[in-house]
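Work through the exercises below with the sequence and the model side by side. Each task is followed by a stepwise solution.

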Amino acid sequence: MTAFIEIHNVSKRYGSMTVLDGLSLSIKANEFMVFLGPSGCGKSTLLRMIAGLESVDEGTISINGERIDTLPPGQRDIAMVFQSYALYPHMTVSDNMAFGLRNINVAADVIAARVAEAARMLEIGHLLERKPGQLSGGQRQRVAIGRAIVKEPKAFLFDEPLSNLDAALRVRTRVELAQLRNRVKSTMIFVTHDQIEAMTLADRIVVMNNRKIEQIGSPMEIYSRPASRFVATFVGSPTMNFLDVGLSEQNGFVSARLPDGTELRTTIRAAGVKGTAHSLGIRAEAVKLASGVPATTTGKVDVLERLGDRTLLYTRLKDGSTVVAEDIGNSRVAIGDEVGLSLDGTRTHLFDAEGSAWHNEEPGHG
Ligand SMILES: Nc1ncnc2c1ncn2[C@@H]1O[C@H](COP(=O)(O)OP(=O)(O)OP(=O)(O)O)[C@@H](O)[C@H]1O
Ligand SMILES: [Mg+2]
């Protein structure tokens with residue numbers, strides 16, 4: 001079973017505080033949608049409104065064209081997996097998964113078949129007779145997901161299901177979830193504040209901030225063409241470099257004067273650009289150590305961050321503005337060095353003080 005979900009002009013208030021303000025969003029059937037945003041931006045609240053655990057103050061939510069925000073949670077045909085998986089400690093894994101179905105009087109043979117199928121998909125068949133206390137965190141999380149799968153819901157809602165796991169397990173479970181997603185054809189909404197989880201799992205990401213949706217797009221759209229400076233800052237690690245720039249036009253494209261006086265030609269079309277107080281965004285991967293190529297400018301290295309496959313150089317331009325650049329893993333650069341930096345003007349973004357953004361001509365380039 002699967003479903004498309006429409007959220008129309010939804011608002012939520014707690015007392016006098018508005019936590020969601022007129023959000024609209026369509027989720028396609030079988031889509032893996034991720035709600036991404038900083039703590040407190042309202043991700044869980046929106047998810048809980050879809051599940052029916054929070055009331056909707058304004059607007060509507062519908063599934064397959066039918067309004068559900070007026071239905072009690074039990075009638076929405078949605079399964080939710082929480083951060084704390086809340087398994088029944090005295091029941092076996094098998095009984096934990098079957099419990100919800102027994103409660104609604106599903107036939108025993110149907111329950112057995114669904115539990116077996118979920119156990120196979122999640123590779124927990126060998127754990128079915130154990131109690132939750134005899135499982136690792138990752139195994140418990142899989143049981144919690146299994147409990148949702150056996151319901152065969154129209155949609156799955158996940159609220160930070162990986163955040164209780166340690167770093168290594170988190171990465172492994174993330175990969176498992178991505179694989180599971182290919183086996184279970186269903187609409188899934190996944191809440192996280194972890195941008196790597198969002199990038200690796202999502203068909204599309206909804207970036208939320210400050211009661212609103214900032215951008216909806218595929219992971220690479222969000223990464224390559226962030227709709228606002230907030231999105232550009234929130235997605236990508238290290239965070240995008242921003243430099244205050246003055247603008248001029250060269251053959252129809254923006255040329256940016258960096259704070260140290262350097263002119264950087266971009267492939268951003270000058271025609272549409274307006275606004276004031278522009279900043280140029282460029283990711284570290286588009287700022288290379290200039291060895292063998294002409295340097296755009298020079299910077300003094302304050303900090304070296306060795307990541308193994310590459311090295312991040314935290315540099316300071318002559319005027320004092322900071323730029324993070326990238327060098328090879330086995331970088332020879334030392335702290336205090338004056339290095340040439342090559343900035344790729346075809347991989348730049350422009351932001352103004354009013355919250356607009358303009359991007360380079362070639363899609364797909366960060
Ligand atoms: N029951 C409540 N009463 C009052 N305020 C609430 C309630 N639940 C949530 N809030 C507030 O609503 C806002 C959104 O909360 P929500 O839990 O949706 O955030 P979130 O994006 O899921 O954050 P996190 O990443 O920390 O889980 C927060 O400012 C929070 O303090
Ligand atoms: Mg939350």
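Two residues are in contact if their C-beta atoms, placed from the backbone, lie within 7 Å. The model is predicted: local features need pLDDT of at least 70, side-chain atom pairs count only at pLDDT 80 or more, and totals for chains, interfaces and linings use all residues. Residues are numbered from 1 along each chain as its sequence is written, while chains are lettered from A and ligands numbered from 1 in the order in which they are written.

**Exercise 1.** Find the residues in contact with L157, leaving aside neighbours within four places in sequence.

Solution. Step 1: L157 is in contact with L47, I50, A51, I78, M80 and I189. Step 2: place L157 in the largest nonpolar core, where L157, V34, F35, I50, I189 and V206 have the most contacts. Such a core is a set of buried Ala, Val, Leu, Ile, Met, Phe, Trp, Tyr and Cys residues joined through C-beta atoms within 7 Å; buried means 20 or more other C-beta atoms within 10 Å of a residue's own. Step 3: this core has 89 residues and draws at least three from each of domain 1 (5-225) and domain 2 (241-359). The domain bounds come from an automatic or database assignment.

**Exercise 2.** Give the strand order of the open sheet of 4 strands.

Solution. Step 1: the order is β2-β1-β4-β5, with antiparallel pairing; strands are DSSP runs of E, at least two residues, numbered from the N terminus, and two pair if DSSP finds at least two bridges between them. Step 2: β2 (17-27) and β5 (66-67) are the edge strands, each pairing on one side only. Step 3: β4 (residues 58-63) and β5 pair over 2 bridges, and R67 in β5 is the bridge partner of S62.

Technical notes
Buried ≥ 20, exposed ≤ 12 C-beta atoms within 10 Å, placed from the backbone.
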